[in-house]
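Subject: Structure for you to look at

Hello,

I am passing on a structure that I would like you to read alongside these notes. Please open it first, and then go through the points below in order.

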Amino acid sequence: MMSCFFRTSGIELKVVEKFSHVHRNKHVYDTKLWKSKNTGFVRCQSRESDRALMQKWKKTQEVRALNEMAVSTTPTTIANTSISNGIGILEFLSGKTYFITGATGFLAKAVVEKILRTAPDVGKIFVLIKAKSQEAAVDRMKTEIIDSELFEWLKQRHGKHYQDFMLRKLVPVVGSMCESNLGMDAYLMSEIAEEVDVIINSAANTNFKERFDVSLNTNTLGARRLMDFANNYCKNLRVFIHISTAYVNGEREGMIMEKPFHMGESITKQKAISEFPPLSYPVLNLDSELEIALYSKVAFEGNLEDQKMRELGFERARTHGWHNTYEFSKAMGEMVINSMRGDIPLVIIRPSIIESTFEDPFPGWIQGNRMLDTMILSYGKGNLPSLLLNPEAVVDVIPIDMVVNAIIAAMAKHGIAGKPGIKVYHVASAAVNPLLLSDLFKYSYEHYFHSPIINMETESIKEMKLFSSMDDFFSHIQKEIAQQRRFTISGSNSNASQRIQKKCKAILEHAMDFARSYQPYTFFRARFDNSNTHNLMESMSEEEMKRFRLDVESVDWEDYITNIHIPGLKKHVMKGRGMPK
């Protein structure tokens with residue numbers, strides 16, 4: 001057995017998502033727009049102080065709490081009347097028992113919140129948490145889930161009974177995706193197997209540069225261990241939801257359809273056989289990849305082990321047509337659970353780049369730096385004045401609340417049908433509402449121009465300089481660093497000069513690292529077809545469409561970036577640092 005050969009890893013299980021509906025004119029960041037005489041860009045200006053905005057938000061939340069309290073206390077038979085022609089989402093959620101991995105992370109935490117907010121009469125939600133003891137798991141659940149600001153609406157609804165409600169619904173399970181039997185206690189494992197209706201696998205190692213063995217252990221073998229548990233023990237399971245990523249499609253180009261991966265399928269193979277005459281290609285074999293990881297780990301043992309295992313991951317990924325270890329290991333995770341699913345209804349959700357909430361439960365909530373946010377914040381701080389990218393390339397962004405809604409709607413649809421099979425859903429925007437990378441940074445510039453980060457590295461924000469070739473980008477960075485060095489050293493002592501030179505070198509390395517790491521995405525030449533997701537939305541009733549919005553076509557990206565997303569980053573990621581007092 002190769003499934004248990006890795007030692008337990010210290011990887012954090014990550015997640016992502018959530019959702020609901022609030023009216024646009026009620027979101028926290030109320031703004032007015034006007035045209036700049038100089039640039040012609042649209043700018044945003046806050047009309048209210050943070051304190052006034054918070055008071056306004058609280059009043060809005062109180063009204064919503066009263067309205068949704070009335071909905072939640074309406075008899076189920078009456079509620080079902082309004083959605084009788086839809087999927088039947090609320091009816092399915094009611095009374096079900098869930099087992100969720102990665103629940104302390106971004107996406108799964110949002111899924112938990114949405115389920116508890118829309119269907120408070122659910123059964124238990126077992127959450128797999130990496131911890132040394134049950135007590136430690138409870139503490140972590142309280143700190144990272146129950147006390148999270150994401151759950152503010154539920155706190156208001158339940159008041160002093162909030163914690164009791166949450167502890168009745170949430171059951172922490174000590175375990176790890178990196179251990180055999182998921183590291184679970186045998187008694188609790190038996191209880192979950194007997195009761196669970198839905199499994200949601202949202203645990204993942206999302207590090208592009210992770211060691212090959214570590215990434216495989218979570219993203220590929222972890223998925224296999226969970227499906228093995230589902231197949232062998234969970235006899236009442238209605239549906240298995242696996243959270244993947246749209247970027248498992250690797251180096252594919254053009255319109256990418258919502259098709260599952262099968263064992264041995266690779267991007268390199270697909271490209272080779274499409275040529276005439278067909279070209280030779282390396283064969284992808286999961287067991288061989290696991291053996292390579294195992295034997296290389298032993299061979300590389302020593303001071304450079306981590307670096308060599310990371311390089312190995314990139315090498316193996318690129319050999320088979322993926323950009324990095326993350327994409328490769330997630331694709332193999334899809335392959336293995338598809339091959340093992342048997343009669344279990346399997347749903348694979350492939351989101352694109354998940355970012356902050358659009359409106360539900362409130363606009364702008366985000367946890368940690370997501371894929372784009374490191375660039376956006378570095379630019380706002382003055383640390384990333386230029387970037388290597390194709391200005392006409394599209395960045396595929398999807399608000400987390402829409403991903404959460406897709407997960408819950410697909411879960412209900414396939415859980416109700418109960419038919420064996422596999423269905424893939426791309427939850428993405430570029431095919432129907434594209435956002436150009438150049439526009440992303442134009443909107444970011446407009447936000448920071450009017451609302452800069454205090455103590456940023458430069459006196460004022462400058463428009464991002466974009467380069468489409470690595471040579472031009474590298475030459476520009478060197479010139480900028482040399483110019484800054486000459487300017488600052490002229491009036492500095494030797495110690496200050498050394499510090500400046502060190503800082504300039506760090507900026508250069510930072511910019512080049514960004515360019516190399518994100519080049520596959522800043523020159524991305526594909527779109528993710530979302531026909532299955534569109535059809536899922538079309539199968540909803542009007543009431544379900546309001547509660548579980550999937551209409552990414554309605555997102556105004558300028559408004560989202562300038563008035564929702566970046567303010568959300570400042571509040572929830574920067575925690576107000578660099579903001580006016």
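Residues 1-61 keep a pLDDT (the predictor's confidence in each residue, from 0 to 100) under 50, and for them the model has 191 contacts (heavy atoms within 4.5 Å) beyond four places in sequence. Over residues 63-83 the pLDDT is also below 50, and this stretch has 26 contacts in the model beyond near neighbours in sequence. Where pLDDT is low, predicted coordinates should not be read in detail. The protein chain averages a pLDDT of 84, with 81% of the residues scoring at least 70.

This is a predicted model, in which local features need pLDDT of at least 70 and side-chain atom pairs count only at pLDDT 80 or more, while totals for chains, interfaces and linings use all residues. Residues are numbered from 1 along each chain as its sequence is written, and side-chain values use heavy atoms, leaving out hydrogens and water.

Helix α11 (a DSSP run of H or I, at least four residues, numbered from the N terminus) covers residues 286-299. In α11, Leu-286, Glu-289, Leu-290, Ala-293, Ser-296 and Lys-297 are buried (under 20% relative accessible area, 1.4 Å probe, protein chains only). They lie on the same side of α11, because they cover an arc (of the directions from the helix axis to the C-beta atoms) of only 135° around the axis. These buried residues pack against α9 (212-233), α12 (305-319) and α13 (325-340), whereas the face turned away carries Tyr-295, Val-298 and Ala-299, which are exposed (over 50% on that scale).

Best wishes

Key:
Helices (H or I, at least four residues) and strands (E, at least two) are DSSP runs, numbered from the N terminus. The expected span of a helix is 1.5 Å times one less than its number of residues.
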